[in-house]
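The following exercises ask the reader to work through one protein model step by step. Please examine the sequence and the structure before reading each solution.

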Amino acid sequence: MLSETFLLEKMAEITVSESDFKERGIAETDDSFKYAEEEVTATVQAILFKGGFCDSTTGENSFVCLVLDRTPFYCERGGQKSDQGEIRARDGAVLSVLDVQSVGGYVLHYGTVDGCFVCGGEAACAVEKERRAALRRGHTAAHVFDEFLFQEKVPRSDFSVVVFPDQIRIEVVKRAWTRDEIESAEKHMEEHIKRNLRLETEIVPLEEVLQRKDILSVFEEKYPKSVRVVTILGVSSQACGGTHTETTGELVDAVICGEKSLSGGKRKVTVAVGKKAVSARRKEREIEKYLQEEQNEDVLSKLEKYLKDEGGIPVGSRRAVEECLAGAKKRRAREEKERERAGIKDLEQKCLEIISSDEAVFVFSPPLSRKETAICLSRCNEKNKKVFLIQKSEAGAEYSISLGESSQGVGEKIKEKYGGRYWGKGCVSGMLSGECRPEEVARFVKDVLKQAGSL
Ligand SMILES: [Zn+2]
């Protein structure tokens, strides 16, 4: 399967205009079969690849565009994505139809071909029914959602809808949706689904359409002389050329799965229906279960994965997961701080033990590594500043200093003389001196402190 971007690139390579067909005397495609969904036998009128028109497909032109005299395929229009499916030639060649567009009255079937199609040859066209059914559900959902926006007094010019299989995306000029608004939109959809309302289609003269007050709006901007009007019985009518379900009940469920900001003060709302809605509800239940469980790392990482599922989980679940993960992050930071505090306390306690067990205030402890020959700790309070430079030599505690100089001050002086690195603030700080003998550092510190008048 081609990725969407790759598909669009491939399609853009095949450039053609309405006049190109007209110049070749090619008749427009009869697409009146598009609502029936039955297999249609058609004649290949034109074959296009990125080099232009050709008489037949070859192995080298695997991505092509076919134009037929008739088609059951619904092309992308009115914000509804196109059908997909297969076109099969008599001799077994197959075009996997990935996208269908139109130029004037010509329907273009884009896809990858296996085998040889020839102009003038017969082909059987079959629309992929599952996708079509999902698009129909999406399209009916668009009508129901439109009606919600009309009720909310959102002008037609302030929103647009794109229909995907089992999903609609609405772009609307609006501030962020509140929880209540999302709930009432979902409720509106759910009520229409529960009522299982019938949809009916009629062809109405344009003059009548323009006079009828019950027709909400038109999906397409061009008004033909006769307009196809689709009515959700007892609810609303819209002029629309799209494919719909027979009842609103076919939508099964509707879930708002996305709500985010776009540029220009717009919001994008994603609504899942049909199979996508069922899947979103299943994930909603899973998330609820995980949220109740002990919030261990395993559960958190599972929850994190749901956030990557854009458009696949209910907005409410997404918010709950985000809140849970933010809470966990805060908790982790707090715990980390507590551990750090406990570690410092522990270290202080150990220092104090060494100090009190020995008369030493200045004690040597084992080097942390070959280069780290000294560790300097200070405990500060307002009345009495003390610096403990602690390093234990084989002989045990050797020096004892109590002073008024800050640990930073001593640290800086050691750094000046021996190099190395000094760090720390608050009640604990440390000094890693360069290459020097601990005893030498100790003597130096003693001198520094003497000068400071502490000894
Ligand atoms: Zn419609």
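**Exercise 1. Determine the strand order of the open four-stranded sheet and identify its edge strands.**

Solution. The model is a predicted one. Following the open sheet across its four strands gives the order S8-S9-S15-S14, and the pairing is antiparallel. Next, look for strands that pair on one side only: these are S8 (159-164) and S14 (254-261), the edge strands. Finally, the twist from one strand to the next averages 20°.

**Exercise 2. Describe how S14 pairs with S15, and find the residue opposite Val255.**

Solution. Strand S15 covers residues 266-273. Seven bridges connect S15 with S14, in the antiparallel sense. Within S15, the residue that stands opposite Val255 is Ala272.

**Exercise 3. State which strands helices H3 and H4 meet, and give the angles.**

Solution. Begin with H3, residues 129-151, which lies across S8, S9 (167-173), S14 and S15. The direction of H3 is at about 160° to S8. Then turn to H4, residues 179-194, which packs on the sheet and touches S14 and S15. The direction of H4 makes about 150° with that of S14.

**Exercise 4. Which residues coordinate the zinc ion, and why is their arrangement called tetrahedral?**

Solution. First, list the donors: the NE2 atoms of His139, His143 and His244, together with the SG atom of Cys240, coordinate the zinc ion at 2.0 to 2.2 Å. Along the chain, these donors follow the spacing H-x3-H-x96-C-x3-H. Second, consider the angles: the four donor atoms subtend 93 to 129° around the zinc ion. Four donors count as tetrahedral if all angles lie between 85 and 135 degrees. The angles of 93 to 129° therefore make the arrangement tetrahedral.

**Exercise 5. Decide whether Cys240 and His244 are buried or exposed.**

Solution. The cut-off for a buried residue is a relative accessible area under 20%. Cys240 has a relative accessible area of 5%, so Cys240 is buried. His244 has a value of 10%, so His244 is buried as well.

**Exercise 6. Summarise the protein chain as a whole.**

Solution. Start with the elements: the chain has 10 helices and 19 strands. Of its 455 residues, 46% are buried. The chain exposes about 24100 Å², and carbon and sulfur atoms supply 48% of this area. Lastly, take the contacts between residues at least 6 apart in sequence: 65% of them join residues at least 24 apart.

Conventions
Residues are numbered from 1 along each chain as its sequence is written. This is a predicted model: local features need pLDDT of at least 70, side-chain atom pairs count only at pLDDT 80 or more; totals for chains, interfaces and linings use all residues. Side-chain values use heavy atoms; hydrogens and water are left out. Two strands pair if DSSP finds at least two bridges between them. Helices (H or I, at least four residues) and strands (E, at least two) are DSSP runs, numbered from the N terminus. Axes are lines fitted to C-alpha atoms, for helices over the stretch in contact, and angles run from 0 to 180 degrees between N-to-C directions. Contact means heavy atoms within 4.5 Å. Donors are N, O and S atoms within 2.8 Å of the metal (3.2 Å for Na, K and Ca); water is not among the atoms, so sites may look incomplete. Four donors count as tetrahedral if all angles lie between 85 and 135 degrees; four count as square planar and six as octahedral if opposite donors are over 155 degrees apart and all others between 65 and 115; anything else is irregular. Buried means under 20% relative accessible area, exposed over 50%, partly exposed in between (1.4 Å probe, protein chains only). Accessible areas come from the Shrake-Rupley method with a 1.4 Å probe; for residues, only the protein chains shown count as cover.
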